[in-house]
Amino acid sequence: MDIKPALIEDLITLNNLEQAVFSANAWHKEDIAAMLSLPTVFGFIAYSGKVPVGYVLGQWVEDVGEILTIGVLKTHRRKGFAEQLIKHLFSKMKSDGVYNVTLEVKADNNAAKGIYTKLGGVKVGVRRKYYNNKEDALIYQFNL
Ligand SMILES: CC(C)(COP(=O)(O)OP(=O)(O)OC[C@H]1O[C@@H](n2cnc3c(N)ncnc32)[C@H](O)[C@@H]1OP(=O)(O)O)[C@@H](O)C(=O)NCCC(=O)NCCS
């Protein structure tokens, strides 16, 4: 496993991963490009050998951060890729002075809730009907 920073030249890789992981709900390439160009956004890509298999994007301003998105290809799940991606992101955030991180997750996303809990995240709130005016979002918070 190799974890490397996600740069603007990785846009096609990130877009391919985003499409593979989120299919119909994936962000558009233009939106990923716009995010990557923000000085407040940073991310990592996980490689199995030379093959990109997962990614994470986070955003932070001063001491408050957010995980924007994370995904690992179905074929490579449950091998620790997401855990390493989040640990790299948290380490970078921490070195920039961030100590409070939040994120939103669909209430029925057991895999994501599992990893956030494993990494010390605590459920601190609910946004009702947040996704498509139907599904609730849970808010998780981490203290780095
Ligand atoms: C959530 C996701 C990123 C996890 O990626 P992953 O690389 O498989 O996760 P890891 O192998 O690092 O798992 C680390 C821990 O997370 C938890 N976890 C992961 N998958 C789980 C599952 N299906 N059910 C319950 N817990 C799970 C476990 O605690 C696991 O530790 P363990 O294997 O020692 O038990 C992946 O399932 C995914 O891409 N899902 C689709 C996209 C998505 O939902 N993103 C999150 C949006 S908020």
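Me: Quick one to start: in E5, what's the bridge partner of Glu66?

Reply: That's Thr102. Keep in mind we're looking at a predicted model.

Me: Noted. How do E4 and E5 run, parallel or antiparallel, and how many bridges join them?

Reply: Parallel, with 3 bridges joining E4 to E5, the strand at residues 100–106.

Me: And on the E3 side, how does E4 run, and how many bridges are there?

Reply: E3 and E4 run antiparallel, joined by 8 bridges. Glu66 turns up there too, since Gln59 stands opposite Glu66 in E4.

Me: What do E3 and E4 form, and how many residues sit between them?

Reply: They form a hairpin with 2 residues between them. Look at Glu62 in the turn: Glu62 has a positive phi of about 55°.

Me: OK, zooming out. What's the strand order in the sheet?

Reply: E1-E2-E3-E4-E5-E7-E6, so 7 strands in an open sheet with mixed pairing. The edge strands are E1 (2–5) and E6 (122–131), each pairing on one side only. From one strand to the next, the twist averages 25°.

Me: Which way do E1 and E2 run?

Reply: Antiparallel, with 4 bridges joining E1 to E2 (residues 41–48). One spot to click on is Pro5, which stands opposite Phe44 in E2.

Me: Switching to helices. Which strands does H1 lie across?

Reply: H1 (residues 11–22) lies across E2, E3 (51–61) and E4. Relative to E3, H1 runs at about 100°.

Me: What about H1 against H2, what's the angle there?

Reply: About 130°, and the axes are 10 Å apart. That angle is why H1 counts as oblique to H2.

Me: Is the crossing left- or right-handed, and which residues meet?

Reply: H1 passes H2 in a right-handed crossing. From H1 you have Leu11, Leu14, Asn15 and Glu18, which meet Lys29, Ile32, Ala33 and Leu36 in H2. By class, that contact has 5 nonpolar, 1 polar and 2 charged residues.

Me: Now the ligand. Which residues come nearest?

Reply: Arg77, Ala82, Ala111, Gly114 and Ile115, out of 19 residues around the ligand. The elements giving two or more residues to that shell are strand E4 (64–72), helix H3 (81–95) and helix H4 (110–118).

Me: Which one gives the largest share?

Reply: H4, with 6 residues.

Me: And how does the shell split by class?

Reply: Around the ligand there are 9 nonpolar, 5 polar and 5 charged residues.

Notes. Residues numbered from 1 in each chain as written. Predicted model: local features only at pLDDT ≥ 70, side-chain atom pairs only at ≥ 80, totals over all residues. Near = placed C-beta within 6 Å. Nonpolar A, V, L, I, M, F, W, Y, C, P; charged D, E, K, R; others polar. Pairing = 2+ DSSP bridges. Axes fitted to C-alpha atoms, helices over the stretch in contact; angles between N-to-C directions. Contact = placed C-beta atoms within 7 Å. Parallel < 35°, antiparallel > 145°, perpendicular 65-115°, else oblique. Left-handed = near helix turned anticlockwise from the far one by under 90°.
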